[in-house]
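Hi,

Here's the structure I said I'd pass along. Have a look at it first, and my notes follow underneath.

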8 protein chains.
Amino acid sequence: MEFQIDWQRAGRTGVPEAILCSRKTPTQLAAILAEARARGARLLLTRLDEAAFAALDEAARDGLDYDPASRTAVLGGAVPLVAGSVAVVAAGTSDLAVAHEAARTLAFCGHEALLVADVGVAGLWRLMARIEDIRAHRVVIAVAGMEGALFSVIGGLVAAPVIAVPSSVGYGVAEGGSAALHSALASCAPGVVAVNIDNGFGAACAAIKMLGVPAPAMVG
Amino acid sequence: MEFQIDWQRAGRTGVPEAILCSRKTPTQLAAILAEARARGARLLLTRLDEAAFAALDEAARDGLDYDPASRTAVLGGAVPLVAGSVAVVAAGTSDLAVAHEAARTLAFCGHEALLVADVGVAGLWRLMARIEDIRAHRVVIAVAGMEGALFSVIGGLVAAPVIAVPSSVGYGVAEGGSAALHSALASCAPGVVAVNIDNGFGAACAAIKMLGVPAPAMVG
Amino acid sequence: MEFQIDWQRAGRTGVPEAILCSRKTPTQLAAILAEARARGARLLLTRLDEAAFAALDEAARDGLDYDPASRTAVLGGAVPLVAGSVAVVAAGTSDLAVAHEAARTLAFCGHEALLVADVGVAGLWRLMARIEDIRAHRVVIAVAGMEGALFSVIGGLVAAPVIAVPSSVGYGVAEGGSAALHSALASCAPGVVAVNIDNGFGAACAAIKMLGVPAPAMVG
Amino acid sequence: MEFQIDWQRAGRTGVPEAILCSRKTPTQLAAILAEARARGARLLLTRLDEAAFAALDEAARDGLDYDPASRTAVLGGAVPLVAGSVAVVAAGTSDLAVAHEAARTLAFCGHEALLVADVGVAGLWRLMARIEDIRAHRVVIAVAGMEGALFSVIGGLVAAPVIAVPSSVGYGVAEGGSAALHSALASCAPGVVAVNIDNGFGAACAAIKMLGVPAPAMVG
Amino acid sequence: MEFQIDWQRAGRTGVPEAILCSRKTPTQLAAILAEARARGARLLLTRLDEAAFAALDEAARDGLDYDPASRTAVLGGAVPLVAGSVAVVAAGTSDLAVAHEAARTLAFCGHEALLVADVGVAGLWRLMARIEDIRAHRVVIAVAGMEGALFSVIGGLVAAPVIAVPSSVGYGVAEGGSAALHSALASCAPGVVAVNIDNGFGAACAAIKMLGVPAPAMVG
Amino acid sequence: MEFQIDWQRAGRTGVPEAILCSRKTPTQLAAILAEARARGARLLLTRLDEAAFAALDEAARDGLDYDPASRTAVLGGAVPLVAGSVAVVAAGTSDLAVAHEAARTLAFCGHEALLVADVGVAGLWRLMARIEDIRAHRVVIAVAGMEGALFSVIGGLVAAPVIAVPSSVGYGVAEGGSAALHSALASCAPGVVAVNIDNGFGAACAAIKMLGVPAPAMVG
Amino acid sequence: MEFQIDWQRAGRTGVPEAILCSRKTPTQLAAILAEARARGARLLLTRLDEAAFAALDEAARDGLDYDPASRTAVLGGAVPLVAGSVAVVAAGTSDLAVAHEAARTLAFCGHEALLVADVGVAGLWRLMARIEDIRAHRVVIAVAGMEGALFSVIGGLVAAPVIAVPSSVGYGVAEGGSAALHSALASCAPGVVAVNIDNGFGAACAAIKMLGVPAPAMVG
Amino acid sequence: MEFQIDWQRAGRTGVPEAILCSRKTPTQLAAILAEARARGARLLLTRLDEAAFAALDEAARDGLDYDPASRTAVLGGAVPLVAGSVAVVAAGTSDLAVAHEAARTLAFCGHEALLVADVGVAGLWRLMARIEDIRAHRVVIAVAGMEGALFSVIGGLVAAPVIAVPSSVGYGVAEGGSAALHSALASCAPGVVAVNIDNGFGAACAAIKMLGVPAPAMVG
């Protein structure tokens, strides 16, 4: 057998097993989905772009809730959502795909995030207009590409933990996201933490761990 | 005036202002300490190696609690400590300087950390022998150099948030800590977050934010 | 003549000459296959993706045993297989293409490998469930992308030589496989050795050399 | 002869020839100074640390105005200063050496800069308290190490050209200044320009060119 | 709402808000254009390649002045142009796309640039034949890929500020533009400043700030 | 006018002007070819892949001698060839495109090169079988990708100057050619010189300069 | 307690626990040696330079067999040596420190290595003069800095497994050893494996694993 | 024996064996010098800084001609010099150590080089004043650090082969010499070739090969 789902992950670590689809074949994905259905388990699929979703056969797609903006799909239906815990802040419109991945992962685990978009620091008034809304949440996820200055500015304004998600939006020295990543790690605002470039899923998992609320039970 | 201490930081962001001493002159440090004393404020100094401490004049050193293992000094005395919240885990003996910096920062803010040392994954039984102790804490700080495999192994074993601190311990491809940093960021264990290389102070600040406990008041 | 096959390689170095197809034209590949047929020699082709295989004309494809999962083709038929010498361990489903390349190369030389898949360290129980099977082999090939923590964990658990094959599976700081490569080289488990990223063929050749069993004779 | 001073530089390009001392021997520096004295020319020396200044013999040091904070020396006396054109803003106390190099170069050419220190964005109020003073100047030079978020924040707040000088202050991913440099270049605030890491002299030269005021005549 | 245009940018910083189109969807671009039309505002779109322009629906394209050579589009019509302020110099024919982006941005703000093309330093006479024309301008924008030697040569010949725009034209060590960028930053000609690779827009914004001429009013 | 051909280059530097086609549009190439025809000048075009050649209109292609293996085209006909001066040695079959570019450039200038292919050092006998042929030439151009060990081995065996051309053939750490480039530059065989990755044209130009034979006259 | 020796390592993995001394304090080393003596265990110390050895107090140095050429020390005496299994080949005189570290580790485990020095490929006859001696061994360890061409040449000449140890000997692009490391990994000779830069200890451990001979018993 | 001098190198490759002293111990150097004396051979030592020279005992230093400016020593006396073949051009005063190493190596082989110093392109008139002298030579060696623009400018002005030696002079992005190296390799002037950073010795060896004049006989 070519895969082994870690069904016990949520119980052991508080965050759900999820399937990163980017290098998997339609056949592999179909087999994984079939096992989940057989166990009656809920499952989150990430990095499933529209072409990959379309390549799944009908049986594999059955009952999948697919969202192209975040490139995620959910098997097994939604859980009731609680709002007020996490704010997801995106520096620019181009960072929204990553922000949506974080928000969908949170929703999979029962948290409705506040999404604040297009508040880059070149026009600081945009962030200031929303800062009280952001401060009202227990964890902040910040997504930014280019030079990633947003991480330090937010980190200096809120008491909540700030999880920086560098995005691969940028060109030249910012190509691929390393400039934003280095800004997150070298931030002069103490207490900012970082995840890998474009890793909205990982940021959401970290937020869930910080909230101390175990992920909804996965039967399996 | 060549410096402006951000005395309001703790109130605004939950973590204390601290002074990174590595590129400051004895004169600059003395002036900063004098202002803190004048305000009756507590203050944490980091990256203060023994030569730099020795270079301070007597007035500047007065009342400083200096700890060479963590290269930190505290002005203004200790606060009562509460145990049980944070475990600081170091992969090797050489990672202890960074681990001690994290523990001292936590102590400055009232948290007594559990320190678990020399549990690298090449001998997995050492980590397994301590894993229940680690699991009993609300936040885990893991310090590792070389290839940083510890981050993923711990991340897969505990439900608490795991803050990875890559250390600069290593040589060849691990020189300077980037191999360990990349292991932290690319970890296959979802929810691991990272701070900059050797940044024990920043990891402690992030832990304090996660605990939601404001730093002890700084009069100033 | 634009190529010179090193037909004596197996006799001289114990490992077979093989043809890396990735930058060769269909015409060049056809000429090489024609020479092998004229000599009655067996030949292994690697990195031959499905489009490149399809671009070969019928004469060139005649008698080729093509395997898309490993992107390899064999000319000259199979040899009897002996099991029990080599375990090939893949961290994730996405690493299987590289693992299959190693297994096909071993089979070309008469070794049937044990393939163990999807045992990443984020769910350590998966590896532990298979560790005795792995320990029963004389050489271990481990394939992993992302942060490559598997190399150190296996290296600390088995007495056999461990050949690490970093895979290019990953994104952000793990893009292209360098994070996994650095983990292999900086491993805290002494005695782990590494080959180039995605080089399943090279790992198999190293395993064959370690087994001290010359490759099956190539008539030429 | 081992050197040729470009005495015509100021006339041709508007900025003065200066001597970068970091890799020159005391003998080479003495010869250069002797030629300047023979021509009755003013001359600026940069990167002249205290040990290098002390290594000059008395004849070479004669009439030199040496400033250890900026590691610069001036031969040929001061010119009258005009204030109000350039603001030099330093993110942290450790960035002051670079800021002083810029200010000394400006003073060599007749401009008295406003120096604003320790206004990093982790405590945004510090910058906001000084922003009107900064806005009153025609060119802004901003010096920052670590993540260099200051460049984008200032760039979004002022109409004057902003010259970013990344400093080598930092550690881990910020070691050597490349993180700050990349933040300057990838800034989301359009119109920010950058010079090399720690190049306070170059930033001042660029400012002088922007002001359109030729450097004071150098007789030679 | 997924975007917030910084309509006040020109008033606050002297340079216009512009829309970087490279990662935005046709739907997002259409919404932004609709808001600009509703406000009666002029707007500049950059990095809009021909496929992206063609993907806009007719309503979105209405009244857009699209220029494929610079990959820019202008909404809201042209303003009267004044010549004589800025020279845009391109080292090679392949650098023209970036040079055109700079010239279009300048034209959006009312400046007609002099464009000087194909004056690489391997044939120095080509630059020398045009140097007096270039010297007649108040700001020089130089665009070069490969090794970027043009920046230093021009920087040593003109008194105007020189803004270096490294281009991604090149291969091998010059792939992506970093060799040219490093040449710009390490230039031995003092006063050369740099923007990010291929950032013709940013260079034009910097030139506008240096000219001290506010961008044409944007009604909004 | 968007281009200025450096028609005097051959007279001034001994090597011909050539047109690097990789980023030029069909319109730009057609205009350049038209000018060459108008002057009655010969012209070499490099990096002209088959799609780009096909995109030229008939007038532009008229009289062009196109060679897909080297991706070069010659306008103005061939010159008489003299053999015996330059050996072009390629490590593997995949390096032949670069070797052919060098040979075509040499032929454009009147030199017929000896081409020796597939002599990588993993089978040293292949190189040894040809070494006397290679030694009979006045200049050696060596092309190799992967680890580039060929450069040092040849450099230690021949008295002629050895020009190393690293090729972009390789994967993993050899991706893009930097491993081969670094081998060329760090060669333990003194006197090996290097050109940029894949730069067969540049290597041929250097060989022509070393031979001290001016390029055939270009009328223009 | 700040350290936990993995006394069971030899039994579990076939290679001994050893102490990397480079970042440990004299106090830490003394404590580790004391524990080893208390258990009656043999112990190998690596990267112990002369200053660090001199910094140990007399009790810690008691009975230590220190070798400055390899920077190693052995506690607990020698074991009988068997010759004929491993050849250690060093490209240059400067690579000998690393080669000696490998040889000392092998000796600690009972293997007397053949040491072959100064056989760089720039003078191929030197290697050829020794190749039969090298071929007589079951495992070959090759140490080389600079461009590391030795790895591929040896890999193409012997049937034994070749373990490449890149050394940090070199300057410019070879500074720190990465050029040699990349040559090892990208070797065109299949079956070459690599360890980290300067890691003579790790290469010896890999050789011991390949020989299938458990390390001498460590009582503890 | 720990070294094997390649005494036949000059006869086989046209360039002399030389001893790179930077990582060799005084004992190793003394043994090498003793062997050279025993054979009556001439020998060149490079990278021998003043401290290393002083560390040699008297017997080792006997008859050595040591030159601190180039950090070279010659054993066995001088040979008659012929001028007119090679020009060595240094961009700045700080590049002279490398230029002197090239000149001393040429002198060891009988060529007296013309040394042209401090002709950086920021003041182009300095190079133009010397260009006819440079053109009178058959090979040009150009040494430059910082951005290395000199290589392209000279390459476009002379017909002789140009050997670029990037120097490690510089800071920030030019630290260590990689910016200058990349400028040499990516030069827009065809026919420029490069050697490793600071490798004046290698450039001289390449020049000697180009001149086709075998190195003076080395008896041994």
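Chain A has 10 helices and 9 strands. Keep in mind that this is a predicted model, so everything below is computed from predicted coordinates. The radius of gyration of chain A comes out at 18 Å, and the globule rule gives 17 Å for 220 residues, so chain A is as compact as a globular protein of that length. If you want a feel for the dimensions, the C-alpha trace of chain A spans about 50 × 35 × 25 Å along its principal axes.

On packing, 67% of the 220 residues of chain A count as buried. Take the contacts in chain A between residues at least 6 apart in sequence: 71% of them join residues at least 24 apart.

Now for the pair I looked at, chains F and G. The contact involves 24 residues of chain F and 24 residues of chain G. On the chain F side, helix 8 (149–155) and helix 9 (178–185) each supply at least two of the residues that touch chain G. Sorted by class, that side of chain F has 13 nonpolar, 10 polar and 1 charged residues.

And how are the two copies related? Chain F superposes on chain G by a rotation of 180° with 0.0 Å of shift along the axis, at an RMSD of 0.0 Å. The two are therefore related as by a two-fold rotation axis. In chain F, the C-alpha nearest that axis belongs to F:Ala149, at 2.3 Å from it. Both copies use the same surface, with 100% of the contact residues of chain F recurring in chain G.

Cheers

Technical notes: Residues are numbered from 1 along each chain as its sequence is written. Chains are lettered from A and ligands numbered from 1 in the order in which they are written. This is a predicted model: local features need pLDDT of at least 70, side-chain atom pairs count only at pLDDT 80 or more; totals for chains, interfaces and linings use all residues. Helices (H or I, at least four residues) and strands (E, at least two) are DSSP runs, numbered from the N terminus. The radius of gyration is taken over C-alpha atoms; the globule rule is 2.2 Å times the number of residues to the power 0.38. A residue is buried if 20 or more other C-beta atoms lie within 10 Å of its own, exposed if 12 or fewer, and partly exposed in between; C-beta atoms are placed from the backbone. Two residues are in contact if their C-beta atoms, placed from the backbone, lie within 7 Å. Ala, Val, Leu, Ile, Met, Phe, Trp, Tyr, Cys and Pro count as nonpolar, Asp, Glu, Lys and Arg as charged, and the others, Gly among them, as polar. Copies are superposed by least squares on the C-alpha atoms of residues with pLDDT of at least 70 in both.
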